[in-house]
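Me: I've got a model open here and I'd like to talk through a few of its contacts. Can you take my questions one by one?

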Amino acid sequence: TDYGSSLTISLPPALQPHQPFQIIVRYTTADGPAIWWLDPELTYGNAKPFVFTQGHSVCNRSFFPCFDTPAVKCTYSATVKAPAGIQVLMSTTQSTYVEEEGVYQFYMEFPVPAYLVALVAGDLIHADIGPRSRVWAEPCLLPTAISKLSGIVERWLTAAESLYGPYIWGRYDIVFLPPSFPIVAMENPCLTFIISSILESDEFLIIDVIHEVAHSWFGNAVTNATWEEMWLSEGLATYAQRRITTETYGAAFTCLETAFRLDALHRQMKLLGEDNPVSKLQVKLEPGVNPSNLMNLFTYEKGYCFVYYLSQLCGDPRHFDSFLRAYIEKYKFTSVVAQDLLDSFLNFFPELREQCVESKAGLEFERWLNATGPPLAEPDLSQGSSLTRPVETLFKLWTTEPLDSAAASSVDLTKWRTFQTVLFLDRLLDGSPLPREVIKKLSECYSSQLDSMNAEIRIRWLQIVVRNDYYPDLYKVRRFLENQMSRMYTIPLYEDLCTGTLKSFALEIFYQTQNQLHPNLRKTIQQILSQGLNPFPAIDTTAVTTDTPAMVLEDKASEATNGAISLRDVNVSA
């Protein structure tokens with residue numbers, strides 16, 4: 001199968017119960033889904049080769065022999081030899097380096113599941129950004145990373161500790177990876193992996209790193225025992241992330257980000273259908289299905305809504321914080337199932353047990369876990385209305401007939417926050433194709449403005465261009481794809497191009513750019529393109545603009561490549 005075969009080792013008959021024993025397995029690792037080898041051309045510096053691993057969910061079995069389940073945790077150590085000039089890092093609490101031998105020694109002193117074992121090696125240098133944090137990046141990226149994160153990571157860690165107790169992993173370092181990194185971020189203990197292109201957008205960088213900080217408690221310290229209950233890590237981490245952002249950036253910002261994500265959840269719900277079993281929190285994992293294929297917005301946002309609902313039952317979120325501190329202290333370094341969380345909750349709040357809150361009609365805990373469809377209850381986001389109301393007003397101006405172009409174009413998007421602009425553009429995407437007059441006026445009003453904004457915003461405008469077959473701005477799509485090497489930034493546009501009348505245009509761009517793509521990404525795009533080609537009229541798309549790598553967070557029901565739910569609107573941080 002795609003997931004390897006088991007190695008069964010028979011123990012000697014004379015071995016007594018509970019008697020300690022040692023097993024040595026000699027093995028060779030070559031290519032595998034966990035290991036990503038990059039030629040220098042696929043890095044930012046173009047100077048040295050690079051390698052990183054990505055273990056979630058069940059990939060690390062291709063990296064080393066292991067019990068590849070989140071139910072099993074253990075400490076680990078590793079010896080790594082690397083050429084001079086190649087820096088090696090692993091997700092461990094301790095490390096040493098003998099320069100004369102080029103040998104690194106690593107040791108993780110706390111038990112972790114197999115998927116959190118991670119390695120990266122390449123042209124990496126570091127700088128301290130706090131008393132227990134440093135950033136690692138290629139030399140050309142390090143100044144940007146320092147300027148974006150210096151001082152504030154410690155602020156986030158301190159806020160998290162005030163809510164959920166001590167940070168138990170020692171150091172919290174961050175390594176920025178080349179654009180071939182297949183997801184946004186990964187919460188490897190002591191060493192968060194994150195894609196470098198996110199540095200372009202301050203607000204998305206804040207949310208992504210804080211989410212990974214939250215995983216230090218929810219997911220890493222206490223882990224879901226089965227992949228069928230990933231919400232125990234992702235829903236709790238998303239809740240904790242939003243408690244941290246509320247403490248550090250205020251309730252309005254948190255409500256805006258939540259509104260953006262819940263909008264995406266409902267979009268995915270519409271695409272999948274309310275009866276789709278993947279919308280359950282307790283998803284049934286069929287044999288042969290990769291657990292990562294079950295990662296979707298329900299794991300995060302429906303899980304978050306359930307956790308938020310539990311917090312509201314307490315009356316005061318600070319009381320719920322106290323419960324979560326006790327939950328972490330009780331279960332740290334172990335793996336749990338949903339019943340462990342819910343039993344602990346009711347034991348911590350006996351008055352709620354007496355009220356039988358777990359059986360409240362329409363909001364039963366069992367229904368939260370096993371019903372398909374949207375969340376049974378959603379949070380009150382009224383504290384974010386000062387930021388969300390202008391978005392709703394502008395969207396209505398652009399979509400009400402007849403179009404009042406003077407009023408619609410009077411809003412200056414450069415004054416908005418990133419999450420406001422992406423929420424507005426996402427809603428225009430939902431309404432596409434738009435009337436011809438509207439897309440023409442939108443381009444006249446915003447296209448040049450958006451060119452100067454961050455990548456999160458630009459990618460959305462380009463998707464609007466493609467979904468509306470707006471030829472005057474197609475040259476920007478070409479220029480954008482000519483500068484992309486990440487699946488996060490290429491697949492959404494290729495999918496949109498191949499869904500409409502622009503497949504030949506997509507094929508032409510791919511032939512020009514395929515050599516700059518990682519082989520895995522190249523294969524995925526080839527599969528998208530192979531869905532069939534339509535004749536494409538000659539269009540002048542040669543005008544030049546400057547576009548840099550961008551993040552896309554627009555979700556669809558499925559990827560053309562394998563039928564798995566697309567994760568572009570999710571921090572795929574397991």
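Me: Which residue does Glu301 form a salt bridge with?
Reply: Keep in mind that this is a predicted model. The closest N and O atoms of the pair are 2.9 Å apart, and a salt bridge needs them within 4 Å. Glu301 sits in helix α6 and its partner in helix α4, 59 residues apart. That partner is Arg242.

Me: And which residues are joined into one network with that pair?
Reply: Both Glu301 and Arg242 are buried. Salt bridges that share partners link these two up with further residues. The full network is Arg242, Glu257, Arg261 and Glu301.

Me: How far apart in sequence are the parts that Glu200 and Arg458 tie together?
Reply: Their closest N and O atoms are 3.0 Å apart, forming a salt bridge. Glu200 lies in the loop between β12 and α3, while Arg458 is in helix α15, so the pair ties together parts separated in sequence by 258 residues.

Me: Is Arg458 buried or exposed?
Reply: Buried means under 20% relative accessible area. Its partner Glu200 comes in at 28%, so Glu200 counts as partly exposed. Arg458 has 4%, so it counts as buried.

Me: Which residues does the UniProt "binding site" annotation cover?
Reply: The annotation comes from an unreviewed UniProt entry. Its residues span 24 positions in sequence, yet no two of their C-alpha atoms are more than 9.1 Å apart, so they gather at one spot. One of them lies in helix α3 and another in helix α4. The residues are His211, His215 and Glu234.

Technical notes
Residues numbered from 1 in each chain as written. Predicted model: local features only at pLDDT ≥ 70, side-chain atom pairs only at ≥ 80, totals over all residues. Heavy atoms only, no water. UniProt positions renumbered as here; feature names shortened; annotations may be inferred. Helix = DSSP H or I, 4+ residues; strand = E, 2+ residues; numbered from the N terminus. Salt bridge = Lys/Arg side-chain N within 4 Å of Asp/Glu carboxyl O. Buried < 20%, exposed > 50% of the residue type's maximum accessible area, 1.4 Å probe, protein only.
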